Amino acid sequence: MQLNKFTDYALRVLMYVAPLREAPYTIAEIAQNLHVSQNHLIKVVHFMAKQNWLITTRGKGGGIRLNPQVLDMGLGTLVHTLQGDAAIVDCNKPEPCILLPRCGLKGILNQALLQFYQSLNQYTFAQALALPSHAQHPLAIDILNV
């Protein structure tokens, strides 16, 4: 399985904005440092703000911060939300597959996909950052006090 670009960019943004600093992060800064177009990042950041994974503020001094609750989220949950419910194979496109009545591959692949997300959920986002859980992490505590 390959992650789509949206998921790739979103995970990169989350990792980039995880460290707390006084000034919030900006789309322009993230785009430049991650070598991703600002147009792509606007869509990614908007989606993650709607999921409440990012805290965004407009205007002078505004920008992007990580919601500290994301640190405790399972990676499988994050990736599944970003990837959506798209199946690995679609047996009905472009036309229904003639092998469909005698094929068990789709069920096997769907089971593998489920196991992929379950495997990722063994780890939190904080573990992916090599950080302790947010309850013990000074960055998350500082974010909560902002």
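## Pockets, cavities and salt bridges

A search of the whole structure, which is a predicted model, finds 1 cavity of 30 Å³ or more.

Colleague: Thanks for sitting down with me. What is the volume of the largest cavity?

Modeller: Happy to help. The search over the whole structure turns up 1 cavity at or above 30 Å³. The volume of the largest cavity is about 40 Å³.

Colleague: Which residues lie closest to the centre of the largest cavity?

Modeller: The lining of the largest cavity has 11 residues. By class, 9 of them are nonpolar, none is polar and 2 are charged. The closest to the centre are Val 17, Pro 19, Leu 20, Tyr 25 and Arg 65.

Colleague: And which element gives the largest share of that cavity lining?

Modeller: The strand to look at spans residues 63-66. With 3 residues in the lining of the largest cavity, the largest share comes from β2.

Colleague: Val 17 caught my eye. Is Val 17 buried or exposed?

Modeller: Val 17 sits in helix α1 and is among the residues closest to the centre of the largest cavity. Its relative accessibility is 1%. Buried means under 20%, so Val 17 counts as buried.

Colleague: How far apart are the C-alpha atoms of Val 17 and Arg 65?

Modeller: Along the chain, Val 17 and Arg 65 are 48 residues apart. Both appear in the list of residues closest to the centre of the largest cavity. In space, their C-alpha atoms are separated by 6.2 Å.

Colleague: Let's turn to the largest pocket. Which element gives the most to its lining?

Modeller: The largest pocket holds about 250 Å³ of space. Elements that give two or more residues to its lining are α3 (38-50), β1 (54-57) and β2 (63-66). The one that gives the most, with 4 residues, is α3.

Colleague: How many charged residues are in the lining of the largest pocket?

Modeller: There are 13 lining residues, and those nearest the centre of the pocket are Ile 27, Val 45, Thr 56, Thr 57 and Arg 58. By class, the lining has 6 nonpolar and 6 polar residues, and the number of charged ones is 1.

Colleague: On to the salt bridges. How far apart are the closest N and O atoms of Arg 12 and Asp 8?

Modeller: This is one of the 2 salt bridges in the structure. Arg 12 and Asp 8 are 4 residues apart in helix α1, so about one helical turn separates them. Arg 12 is partly exposed at 40% relative accessibility, and Asp 8 is partly exposed at 27%. Their closest N and O atoms are 2.6 Å apart.

Colleague: In the salt bridge of Arg 21 and Glu 29, which partner is buried?

Modeller: The side chains of Arg 21 and Glu 29 meet with an N to O distance of 2.4 Å. Arg 21 has 31% relative accessibility and counts as partly exposed. At 18% relative accessible area, below the 20% cut-off for buried, the buried partner is Glu 29.

Colleague: One last thing, the surface. Why can Leu 3 belong to a nonpolar patch, and what is the area of that patch?

Modeller: Leu 3 is placed in the segment before α1 (5-17). Patch residues need over 30% relative accessible area, and Leu 3 is partly exposed at 31%, so it passes that cut-off. Together, Met 1, Leu 3 and Phe 116 make a nonpolar surface patch of about 260 Å².

Methods. Residues are numbered from 1 along each chain as its sequence is written. This is a predicted model: local features need pLDDT of at least 70, side-chain atom pairs count only at pLDDT 80 or more; totals for chains, interfaces and linings use all residues. Side-chain values use heavy atoms; hydrogens and water are left out. On a 1 Å grid over the protein atoms alone, a cavity is a set of points where a 1.4 Å probe fits but cannot get out, and a pocket is an open set with protein on both sides within 12 Å along at least five of seven lines; lining residues have an atom within 4 Å of a point. Grid points are joined across faces, edges and corners, and a volume is the space filled by probe spheres set on the points. Ala, Val, Leu, Ile, Met, Phe, Trp, Tyr, Cys and Pro count as nonpolar, Asp, Glu, Lys and Arg as charged, and the others, Gly among them, as polar. Patches are made of residues with over 30% relative accessible area and no salt bridge: like charges are joined within 9 Å, nonpolar side chains (Val, Leu, Ile, Met, Phe, Trp, Tyr) within 5 Å. Accessible areas come from the Shrake-Rupley method with a 1.4 Å probe; for residues, only the protein chains shown count as cover. A salt bridge is a side-chain nitrogen of Lys or Arg within 4 Å of a carboxyl oxygen of Asp or Glu. Buried means under 20% relative accessible area, exposed over 50%, partly exposed in between (1.4 Å probe, protein chains only).
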